[in-house]
Amino acid sequence: MAGIQDTVVFLTAAVIAVPVFRKAGLGALLGYLGAGIAIGPSVLGLIDDVDAILHFAEFGVVLLLFIIGLELMPARLWALRRPIFGLGTAQVAISAALIGLGSYALGFGVQTAIVIGLVLALSSTAFAVQTLADRGELRTQQGRAAFSILLFQDMAVIPLLAVLPWIAQAPGLVEEGATEAVLADTDYLSIAYSIVTVALIIVVGRKVLRPLLRVVSSTGVQELFTAAALLVVLGMALAMERIGLSMALGAFLAGVLLADSEYRHRLEADIEPFKGLLLGLFFIAVGMSIDLAHFFDAPLKTFGAALGLVAVKGLAIFVLARAVRMKWEAALALAAVLPQGGEFAFVLFGEAINVGAVDRSTADFLILVVAISMAMTPFAVQLADAARNRFSRKVAGPATTEEMEDHDAQVIIAGFGRFGQMIGRMLNMRRIKFVALDSDHDRIAIARRFGNDAYFGDASRLQILEAAGAGRAKLLVIAVDDPERADSVARVAGMHFPNLKLFARAHDRFHVYRLMELGVDQVVREYFDSSLDMAGRVFRELGVPGRKADQMVKRFKEYDEQLLREQYAIHRDEAEMIRTQKEAAAHLASLFEHDQEAAELEAEEEAAKASGEAPRPVERPRQTAAE
């Protein structure tokens, strides 16, 4: 009964607090924190065991990392290796050095100052990623940089846990022989074991996960697939924890391994509700951990420490971002979203107490500072937005509902690059009203300069589509460059605007299949028609008569589109796809042979008529039923 009673308390607090905070413009995250403070030991005291709740709620962070992993195919993760290890390493090193030196200047011992610097250099993955997702900035310059830094920090947690005992066992850290003692105590065998185990898990995961999901999905039992999805995430997380690594890192690797599988979107849809609820519970638990009694004992000291942490980390991140040539607006946004302490501080400070690197009173104070710094994050983001809007020289700014709600356009174009611009120009010729959405300031500025209704915004966000008039428009053209972003736009539009016709640009035929699964009405492959037009021109240049060249191109197009529709039913079966592709190629070749024979026969008949001779009786090639 106690568990049910606690659940009712959590849900009631969230349902009351979050709408109030959102209505006040403070955001959902502060609402969850406020709910946690209210029901925690410091105020109403409705929940007592905060540590147990916080430990359980960390599964929300685990699920969040799994979903992030689903969006990163292995090739894309490999492409991010430089920002992950370059930018991530620099951020942790610079922030740790500044915070550590500041702590030492305030009177902490060498060991304690080093631990404080290393732990507080980490940021909150849950807060940062959720903030970026809510704002539709995960794919922006600051979003990619933040993700790289956070991923490195998650990987750095394990070495930090290993380093803490060494710091505690090295008095002064500068005494002669201290370095040699640390190196001698290093458990190199354990480190090698962890590396080999991770590699083994990745190899086995690639071989096992997809067949497992294929077997489960073949049963047709919805709840069984959901159970399998949770098993994959939690199983990988538990395996990593068993070898001393981060559960969040294990879940992220599981997501990456399944990022290019046919079950990716199904997994995301099944995990999303659990992720949202557990993340909300995590933020509530963080709020519960804020001990107001300690805060009121020394409010200026506590608030000053939290403000100092946010300021030092924010400044360090901003300078680092500018040093790697990020635009100042993106650098400011990055600095605003990553200055807080991280959720791993609860774990790392607990371990630091156990090994004697930090005393309990200091750790309790710093945990309170971390929680308050998390609560400051939404305000830091709002201040950064105000500064960007005040000093930015860009013509176009983020679109708001008020700016767009008076437009009754028939067509919405999501993505106003070269593809979307051509559609817009054609619509302008017929005086058909449209609204263009794009995440590139420069494109929007140019489009608005020439009188187009164009707005800065991510079309995969429901509120942006609503503001653009998706509920009144007839048609949405999805013309974004990124196939994954196109999928997101189609998914949101199809879910919330069933009467809106969806036309989409596809990257290739496999992207066509994904868009068809999402209910897109018309799909155009971006290079298909242009390549056919080029093929026709090549034929003519090589001496093929114009009419014949057009017929060949037309036949190929009709046959390929028919094959595309037929293969949609089997596109998840790789072996069957290969077989039908080979059959299609052979059949298309036979069609061209028949065309050639027919053309030769017609040429003989024409020649015979011209000479007055009777044509020789040659049977015309017969078309098969498939033709």
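Phe434 is tucked away in this predicted model: with a relative accessibility of just 4%, Phe434 counts as buried. Phe416 is in a similar spot, and at 5% relative accessibility Phe416 counts as buried too. The rings of these two residues, Phe416 and Phe434, sit with their centres 6.0 Å apart and their planes at 35°, so the pair is classed as tilted. Phe416 belongs to the loop between strand E1 (411-414) and helix H20 (418-429), while Phe434 is in strand E2 (residues 434-438), so the pair ties together parts that are 18 residues apart in sequence.

A search of the whole structure turns up two aromatic pairs. Besides the tilted one, there is Phe85 with Phe152, whose ring centres are 6.2 Å apart and whose planes meet at 80°, so this pair is edge-to-face. It links distant parts of the chain, with Phe85 in helix H5 (residues 81-105) and Phe152 in helix H8 (residues 141-168), 67 residues apart. The two partners are covered to different degrees: Phe85 counts as partly exposed at 49% relative accessibility, whereas Phe152, at 14%, counts as buried.

Stepping back to the whole protein, there are 27 helices and six strands. Of the 627 residues, 46% are buried. Among contacts with a separation of 6 or more, 72% are between residues 24 or more positions apart. The accessible surface adds up to about 32,100 Å², and carbon and sulfur atoms hold 61% of that.

Next comes the interior. In soluble globular proteins, nonpolar side chains tend to be buried together. Here the largest nonpolar core has 77 residues, and the members touching the most other members are Val115, Leu120, Leu334, Leu338, Leu348 and Phe349. Take Leu338 as an example: leaving aside residues up to four places away in sequence, Leu338 touches Ser123, Ala128, Ala146, Ile149, Leu150, Lys313 and Ile317. There is also a second, separate core of 42 residues, with Ile39, Leu70, Val233 and Leu267 among them.

Some nonpolar side chains are found on the outside instead. Leu200, Val204, Val208, Leu212 and Leu231 form a nonpolar patch on the surface, and together they have about 420 Å² of accessible area. Helix H10 (residues 188-218) gives the most to this patch, supplying four residues. Leu200 has its place in helix H10, and Leu200 counts as exposed because its relative accessibility is 53%, with the cut-off for exposed at over 50%.

Two further residues make a handy contrast. Asp270 lies in helix H13 (residues 264-289) and, despite being an Asp, counts as buried at 9% relative accessibility. Not counting residues up to four places away in sequence, Asp270 touches Gln222, Phe225 and Thr226. Glu223 is 47 residues from Asp270 along the chain, yet their C-alpha atoms are separated by 9.2 Å. Pro498, on the other hand, is in the loop between helix H23 (483-496) and strand E5 (501-506) and is exposed, with a relative accessible area of 68%. A separation of 9.1 Å lies between the C-alpha atoms of Pro498 and Gly471, which are 27 residues apart along the chain.

Note on methods: Residues numbered from 1 in each chain as written. Predicted model: local features only at pLDDT ≥ 70, side-chain atom pairs only at ≥ 80, totals over all residues. Heavy atoms only, no water. Helix = DSSP H or I, 4+ residues; strand = E, 2+ residues; numbered from the N terminus. Buried < 20%, exposed > 50% of the residue type's maximum accessible area, 1.4 Å probe, protein only. Contact = heavy atoms within 4.5 Å. Areas by Shrake-Rupley, 256 points an atom, 1.4 Å probe, with all protein chains shown as cover. Core = buried A, V, L, I, M, F, W, Y, C linked by side-chain atoms within 4.5 Å. Patch = residues over 30% accessible without salt bridge, like charges linked within 9 Å, V, L, I, M, F, W, Y side chains within 5 Å. Salt bridge = Lys/Arg side-chain N within 4 Å of Asp/Glu carboxyl O. Phe/Tyr/Trp six-rings, centres within 6.5 Å; stacked < 30°, edge-to-face > 60°.
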